[in-house]
Amino acid sequence: MLCRMVLVPRKKKIGKVPVYLNVYDLTPINGYAYWLGLGVYHSGVQVHGVEYAFGAHDHATTGIFEVEPKQCPGFVFRKSILIGRTDLGPKEVRAFMEKLAEEYSGNTYHLITKNCNHFCNDVCTRLTGKPIPRWVNRLARLGFFCNCVLPAGLNETKVRQVKSDGVYSGDKKKLRSLSTNCWGFCRQK
């Protein structure tokens, strides 16, 4: 006697609000390296018209910051990729990011093991159930396996918070938007 299995299609929960990964070039070499599946990229997650990203600084405050979509200062926008959709509203996304800020303080940033692309992958997976494309963070994964040959100072690329009046601001506890509060992260030289 054969048992007959009936496969009932499961309904996938598909949200209404698109979640995009915005990818930026960190170097002009990406123009060539991109076609080889390589490159050095910065990324941010765009949802409800706000882009969230993660950067380094020397303080135990959040490294998550907000910018206008596709306008992250210091980087050249490459492309936007639809990762999936979410049902979270703007206030729920904001609360989610503020909760996530506890895990992503600026002084925990590491170029190889906890960078902006790791943050974006975490956010996209939690919001949509889908990861970011593997090519976005490929060099960090390769660097993880080749860590012994990388210079020790490689992770010292920090970013700092600045205000438009040039005064340093390192004690912010809440996420802020560059567009409304004139602060964010800029790469240090």
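Begin by selecting strand E3, residues 50–54, in this predicted model. Strand E3 is joined to strand E4 by four bridges, and the two strands run antiparallel. For a closer view of this pairing, select Ala53 and then Phe65: Ala53 stands opposite Phe65, which belongs to E4.

Next, widen the selection to the whole sheet. The sheet is open and consists of five strands in the order E4-E3-E2-E1-E5, with antiparallel pairing. Which strands stand at the edges? They are strand E4, residues 64–67, and strand E5, residues 76–86. Each of these has a single partner strand, so one side of E4 and one side of E5 remain without a neighbour in the sheet. From one strand to the next, the twist averages 30 degrees.

Now add helix H3, residues 116–128, which packs on the sheet. Helix H3 touches strand E1 (17–25), strand E2 (41–47), E3, E4 and E5. The direction of H3 makes about 30 degrees with that of E2.

Finally, display the cysteine side chains. How many disulfides are there? The count is zero. Cys116 is in no disulfide, and the nearest cysteine sulfur, in Cys120, lies 6.2 Å away. Select Cys124 next: the closest cysteine sulfur to that of Cys124 is also in Cys120, at 6.2 Å. A disulfide requires two cysteine sulfur atoms within 2.5 Å, so the sulfur of Cys124 is too far from that of Cys120 for a bond.

Is Cys116 buried or exposed? Cys116 counts as buried because its relative accessibility is 4%, under the 20% cut-off. Cys124 likewise counts as buried, with a relative accessibility of 0%.

Definitions and conventions. Residues numbered from 1 in each chain as written. Predicted model: local features only at pLDDT ≥ 70, side-chain atom pairs only at ≥ 80, totals over all residues. Heavy atoms only, no water. Buried < 20%, exposed > 50% of the residue type's maximum accessible area, 1.4 Å probe, protein only. Pairing = 2+ DSSP bridges. Axes fitted to C-alpha atoms, helices over the stretch in contact; angles between N-to-C directions. Contact = heavy atoms within 4.5 Å.
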